[in-house]
Structure formats: C-alpha cells, structure tokens
Amino acid sequence: MSAVAPPLFIRAKVVLDWFCVLALALVFAWAGMAKWGEAAELREAIGHYRLVGEPFAGWVALLLPPLEITVALGLVLQATRRLSAGMAAVLVMGFATATLQAWGRGIDPACGCFGDSGPSAPVLHLLLWLGMLAASAWLWSRSRGDHPRTST
Amino acid sequence: MKISTWEMRRKQPIAVLLLLFGLLLGLRLLAVPEARQLPFPPRSVGEAAGESSIPLPPGQISVSELRGWLHSAESVLLIDARARADFETDHLPQALHLDPHADLSAQVFALVQSGALEGVIHLVVYCDDASCGASETVADHLREQLGTLLETQGTDISVLHGGFATWRADAQETSR
C-alpha cells in the first residue's frame, strides 16, 4: 500500500513554491530594472567593492542587469526554474561574498544592489541573502522532476 | 535507434535562458547608449597623469575633482601630511602642514585655534603618492578629533588620490 500525501500538505507545498518564485523573481526583477539605465553609476558602485578593477567592473556593470532580469523571467517559467534557481543562488552568494569582504576591509560599499534604494543595515542584507538562498534551495530541490527517458 | 530526450530536456533550459539573456543584453545596449561604453572607459587627462579610471574608494577624491573644487566658490582647505622638509620645498597652493609623526592632537588643536577651519566646506589631505598612508592617518585623526565640529559646519574630509605626485604629474600649480 502506498502512502498518499494529504491534499493540504501538497497544496501548502505548491503555495510555498509560488511564494518563493514570486518573491525571488520580484527581487531579481527589481534589482535588474533599478540598475538598467544606470551604467556609469553601477560601474562606480562595483568599483567601491574594490574586488575587480577595470575593465572587469565595466563588464559586470554591463552584464549584471540583463542577467538578473533573465533569472527573474527564468524563475517564472517552469522549464527553466531549476537552472534559474541555481543561478539565483550563485548570484546571491557572489553578492554576499563581495559585500562581506568589503565590510571585512572596513569599506562601506553602499551596495548599489537596487539602484539608489535597497537595504542599508547589515542585518537587513544578511536576512535578504539568507531568505533568497533558502528560496533558491527550495525551488532547486522542488524542480527535480526530470528523469531520464528514452523514445524510439 | 534510441534518442535520449532527457539529454535534450536538460539542455533546453540553458538554451532558453541564453536566448533571454541575449535579447535583454541587446535591448540594454540599444536603449542605454552609455552602457555601450562600459567595457571601454575613455582615458581622461587625470588617467594619463597616473590617476586610475577605477572608481575611487569612498573618502578619496581625484586631482580633477580637487581642481573643480578649487575653481568653484566653495572654500577648500588643503592639508599636507608629508615630511616637513618636503612641504617646505614644494606644496599645493595654500596648503597647511600637519606632521603625522608628531603630536597630531596638539597640531589639530592649534589648527582650530588659528581659525583656519572656519567656513571650510572641503578639507583635503594629501601625502606623497598612492602608496603613502600618512594622508589616511591624518584624515582619520581629523575625523576622530573634529567629527562633531566639522559635521556641524558641513565640512567633509577627503584624501587626494595619488597625492602630491599625481597632482604634480598633472602639471598642476604648486607653491614654495
């Protein structure tokens, strides 16, 4: 006899799936759109981290906003959700590493994560990263539905 | 012949995301002309003189910024944090000397007593070049000792990026 999951439990998981998708997608879309038109300002903000010099700061400033919006759109599409969740986790870990090393060196990089707005207190940054990592991990694990199939 | 559809399914999301990314990147390059210059920052006069085009860390200003301040109506006070002998040989116009190796508190107290800080909007400290730390030491000391006073009168403290060497390399005026 196979165990059947209670419908309420399944519904809760689906609701959580969509909550994570929408929350992550909104944050990434907001971050990407806020930086979309701010080319020079973004390069300057990246330079404040003192992690990469020119021309890498310029390349990051060019590629980051489209990448963030790609992740946001990819999360909404079922077919690309797992890969996008993985990319979201990598991006969040990258942002966290850059900001933590700047703090460690006594630099307040005024992150520029969301253009001129966004969290300023370190604790809010930490909460945001942890929440986004948790949501990414949840979506990554929940999208493991593909199994090897063959056809003739 | 058996064809693995799973392999195709695995690669499909990558293709979709790459396509999306390419479209968005193209759209950004079309919509934001400034973005096209991002990987190729133009060389400035200051860069040719040794200033980096990399955005400066907070609290530092470039020679061109300082030049702009000096040409504006805002009051700027320059502090030379090099050795006394170097200061006496040559220094930036109107600069005052603070010796980072002597009693800084007493020197700063004397500076306040002299009234040199009154009405100053930008307080800029410099030392020999980008590798010297004396300007940072003096700037930190000024922030610590005069933080409240400077905050009250709206004075900011900056360090000149590249120091005296960059200023002189940019063919800027000095005083003896």
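Which residues of β5(B) are buried on one side, and which on the other? Keep that in mind while we get set up.

**Before you start**

This is a predicted model, in which local features need pLDDT of at least 70, side-chain atom pairs count only at pLDDT 80 or more, and totals for chains, interfaces and linings use all residues. Residues are numbered from 1 along each chain as its sequence is written, chains are lettered from A and ligands numbered from 1 in the order in which they are written, and side-chain values use heavy atoms, with hydrogens and water left out.

**Stop 1: chain B as a whole**

Select chain B and show it as a cartoon. Its secondary structure comes to 7 helices and 6 strands (DSSP runs numbered from the N terminus: helices are H or I with at least four residues, strands are E with at least two). Following the sequence, you will pass through β-α-α-β-α-β-α-β-α-β-α-β-α. Of the 176 residues in chain B, 42% are buried (under 20% relative accessible area; exposed is over 50% and partly exposed in between, with a 1.4 Å probe and protein chains only). Chain B exposes about 9,600 Å², and carbon and sulfur atoms supply 57% of that area (Shrake-Rupley method, 1.4 Å probe; for residues, only the protein chains shown count as cover). Among its contacts between residues at least 6 apart in sequence, 66% join residues at least 24 apart (contact means heavy atoms within 4.5 Å).

**Stop 2: the sheet in chain B**

Now colour the strands. In chain B, 5 strands make an open sheet with parallel pairing, in the order β2-β6-β5-β3-β4 (two strands pair if DSSP finds at least two bridges between them). At the edges are β2 (60-61) and β4 (96-97) of chain B, each pairing on one side only.

Select residues 122-126 of chain B, which are strand β5, and then residues 76-80, strand β3: the two run parallel over 5 bridges. Leu77(B) stands opposite Leu123(B), and Asp80(B) has Tyr126(B) as its bridge partner. Next add residues 156-160 of chain B, strand β6, which is joined to β5(B) in parallel by 4 bridges. Here Val125(B) stands opposite Val159(B).

Back to the opening question. His122(B), Val124(B) and Tyr126(B) are buried on one side of β5(B), with Leu123(B) and Val125(B) buried on the other. That makes 5 of its 5 residues buried.

**Stop 3: helix α5 in chain A**

Move to chain A and select residues 122-142, helix α5, where you will find Ser136(A). Ser136(A) counts as buried because its relative accessibility is 1%. Its side chain reaches the backbone oxygen of Met132(A) at 2.7 Å. Leaving aside residues up to four places away in sequence, Ser136(A) touches Leu24(A), Ala85(A), Ala88(A) and Ala89(A).

Leu133(A) is in helix α5 of chain A too. With a relative accessible area of 28%, Leu133(A) is partly exposed. Its C-alpha atom is 5.5 Å from that of Ala89(A), although 44 residues separate the two along the chain. With the same sequence neighbours left out, Leu133(A) touches Ala89(A), Val92(A) and Met93(A).

**Stop 4: helix α2 in chain A**

Finish by selecting residues 39-48 of chain A. This is helix α2, mostly covered, with 7 of its 10 residues buried. Among them are Leu42(A), Arg43(A) and His48(A).

Definitions and conventions:
Polar contact = N/O pair within 3.5 Å; in protein donor to acceptor, adjacent residues only side chain to side chain.
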